[in-house]
Amino acid sequence: MTDGIDATQPLWFYDFVSPFTYLLLEQHDKWPGFPFVFTPVLLNELQQHWGQRPAYGVPAKRVYAYRHALFRAEQLGIPFKMPPAHPFDSIKPLLLAVAAKADVQCVREIFRFIWREGRDPSTDEGFAALCERVGLPDGPELIQREETLAQLNRNTKDAIELGVFGVPTFWLNDQLFWGEDALPMVLYCARTPNWLESREVKRISSLPSGLKV
């Protein structure tokens, strides 16, 4: 039995493979004061659904993304250390978050294990250490439960139905806000929600494509 996403609530979609999601979470004290529901999803599944090529699939873009993440961390004063290899398989920590019904503190601790300490959560040794870190030594057993994977897949499916195409993504007032650099826009729209109903926003939101698809 899985629980569907309640889109009437403010949501925050994440995958531990994303350094920019870590950087955004480290700015949690700046977020709008809404009770965001932390929702783990499979980034690869989102990208495959929308026909996107991952950044790491383009060599020059991969290098740029890592440099940009490091630059943003230094600019924001956030401790940052890349894990030993990237991309890595994030399924284990995602399943752990699902099984634990992880709140902000637990999710932050998992992100910090990976992106502050530079640890690999995909190996048996690394995952065992992560489980101990978050107080779930039975994590290797928890993630084997069929309902845990089913819930992660349900999260991802429901996120796609909302139009989610990447992480990190806020869902607020029936609108998507994607990326670490979207925080100012989220804050502005939280204070001034009618901006999204303005004439120019509506115009550009419904522009036709100038190319034949």
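## Strand β1 and its pairing

In this predicted model, strand β1 spans residues 11–14 and is covered on both faces. Leu11 and Phe13 lie on one side, Trp12 and Tyr14 on the other, and all four are buried. In a regular strand, side chains alternate between the two faces of the sheet.

The pairing partner of β1 is strand β2 (residues 37–40); the two run in the parallel sense and share four bridges. Within this pair, phenylalanine 13 of β1 has threonine 39 of β2 as its bridge partner.

## Leucine 94

Leucine 94 belongs to helix α4, which covers residues 91–100. Its relative accessible area is 0%, so leucine 94 counts as buried, the cut-off being under 20%.

Beyond residues up to four places away in sequence, leucine 94 touches Tyr14, Asp15, Phe16, Pro40, Val41, Leu42 and Leu152. Among these contacts, Tyr14 is also one of the buried residues of β1, and Pro40 falls within the residue range of β2. Aspartate 15 is separated from leucine 94 by 79 residues in sequence, yet the C-alpha to C-alpha distance between them is 7.0 Å.

## Threonine 156

Threonine 156 is found in helix α8, residues 146–162. Because its relative accessibility is 4%, threonine 156 is classed as buried.

With neighbours within four places in sequence left aside, the contacts of threonine 156 are Val41, Leu42, Glu45 and Leu46. Val41 and Leu42 also appear in the contact list of leucine 94, so this pair of residues is touched from both α4 and α8.

## Overall fold

The chain contains ten helices and four strands. Their order along the sequence is β-α-β-α-α-α-α-α-α-α-β-β-α-α.

Among contacts with a separation of 6 or more, 74% join residues 24 or more positions apart. The contact between leucine 94 and Asp15 is one of this kind.

## Dimensions, burial and charge

For 213 residues, a compact globule would have a radius of gyration near 17 Å; the chain has 18 Å, which agrees with that expectation. Along the principal axes, the C-alpha atoms fill a box of roughly 55 × 40 × 40 Å.

Of the 213 residues, 45% are buried. The exposed area of the chain is about 11800 Å², with carbon and sulfur atoms supplying 54% of it. The chain carries 22 positive and 26 negative charges, and the mean positions of the two sets lie 9 Å apart.

Terms used: Residues are numbered from 1 along each chain as its sequence is written. This is a predicted model: local features need pLDDT of at least 70, side-chain atom pairs count only at pLDDT 80 or more; totals for chains, interfaces and linings use all residues. Side-chain values use heavy atoms; hydrogens and water are left out. The radius of gyration is taken over C-alpha atoms; the globule rule is 2.2 Å times the number of residues to the power 0.38. Buried means under 20% relative accessible area, exposed over 50%, partly exposed in between (1.4 Å probe, protein chains only). Contact means heavy atoms within 4.5 Å. Accessible areas come from the Shrake-Rupley method with a 1.4 Å probe; for residues, only the protein chains shown count as cover. Lys and Arg count as positive and Asp and Glu as negative; His and the chain ends are not counted. The place of a charge is taken as NZ of Lys, CZ of Arg, CG of Asp or CD of Glu. Two strands pair if DSSP finds at least two bridges between them.
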